[in-house]
Amino acid sequence: QVQLVESGGGLVQAGGSLRLSCAASGRTFSRSAMGWFRQAPGKEREFVASIRWGGDGTDYADSVKGRFTISRDNAKNRVHLQMNSLKSEDTAVYYCAARTSGWFGNVGPRGEQRYDLWGQGTQVTVSS
């Protein structure tokens, strides 16, 4: 069964850090672009960060640039999102996504429609 499973969410105070992980299984994802999205209560899901298959091309939403870092370990089929200097507005359910078909951009894609496999999400709550 091909699936993505997120972990690492939780409750943290503003200014703190969390590291999210996404474990991919059922196939190799070393050639897949990967992304993180989030959805806050009452809001649409939004792009957070993406990384191309080689790990050398990353992209970030302006709201997280300089605070979040996306990385991947292709040998372990994992993608991580290091989140520092967290703010209350970062509170959301965070989703890992994979584009299982080829992607040839310099960075991973931003659009939800570019991804065809999603995890179930992990809750991140930042208290002010």
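This report walks through the strands, the disulfide and the cavity of a predicted model.

**A four-stranded sheet**

Let's begin with a sheet. Strands of a sheet pair through backbone hydrogen bonds, either parallel or antiparallel. Here, an open sheet of four strands follows the order β1-β3-β8-β7, and the pairing is antiparallel. At its edges lie β1 (3-7) and β7 (68-73), each of which pairs on one side only. From one strand to the next, the twist averages 15°.

Take a look at how β1 meets its neighbour. Five bridges join β1 to strand β3 (residues 18-25), and one residue pair to find is E6 with its bridge partner C22 in β3.

**Strand β11 and its partners**

Now move along the chain to strand β11 (residues 122-127), where the side chains alternate. T122, V124 and V126 point to one face and are buried, while Q123, T125 and S127 point to the other face and are not buried. Strand β11 pairs with strand β2 (residues 10-13) and also with β9, as the table shows alongside the β1 pairing.

| Strands | Sense | Bridges | A residue pair |
|---|---|---|---|
| β1 and β3 | antiparallel | five | E6 and C22 |
| β2 and β11 | parallel | four | G10 and V124 |
| β9 and β11 | antiparallel | three | V93 and Q123 |

In the β2 pairing, then, G10 stands opposite V124, a residue of β11 with a buried side chain. In the β9 pairing, the bridge partner of V93 is Q123, which points to the other face of β11 and is not buried.

**The disulfide**

How many disulfides does a search of the whole structure find? The search finds one. It is formed by C22 and C96, with their sulfur atoms 2.1 Å apart. The bond links distant parts of the chain: C22 sits in strand β3 and C96 in strand β9 (residues 92-99), 74 residues apart. The torsion about the S-S bond is about -80°, so the disulfide is left-handed. Both C22 and C96 are buried.

**The cavity**

Rolling a probe the size of a water molecule over the atoms shows where empty space is left. In this model there is one cavity of 30 Å³ or more, and the largest cavity has a volume of about 50 Å³. Which residues line the largest cavity? Among them are C22, A24, F29, M34, R72 and V79, so you meet the cysteine C22 once again here. Strands β3, β7 and β8 (78-83) each supply at least two residues of the lining. By type, the lining residues divide into five nonpolar, three polar and three charged.

Conventions: Residues are numbered from 1 along each chain as its sequence is written. This is a predicted model: local features need pLDDT of at least 70, side-chain atom pairs count only at pLDDT 80 or more; totals for chains, interfaces and linings use all residues. Side-chain values use heavy atoms; hydrogens and water are left out. Two strands pair if DSSP finds at least two bridges between them. Axes are lines fitted to C-alpha atoms, for helices over the stretch in contact, and angles run from 0 to 180 degrees between N-to-C directions. On a 1 Å grid over the protein atoms alone, a cavity is a set of points where a 1.4 Å probe fits but cannot get out, and a pocket is an open set with protein on both sides within 12 Å along at least five of seven lines; lining residues have an atom within 4 Å of a point. Grid points are joined across faces, edges and corners, and a volume is the space filled by probe spheres set on the points. Ala, Val, Leu, Ile, Met, Phe, Trp, Tyr, Cys and Pro count as nonpolar, Asp, Glu, Lys and Arg as charged, and the others, Gly among them, as polar. A disulfide is a pair of cysteine sulfur atoms within 2.5 Å. Buried means under 20% relative accessible area, exposed over 50%, partly exposed in between (1.4 Å probe, protein chains only).
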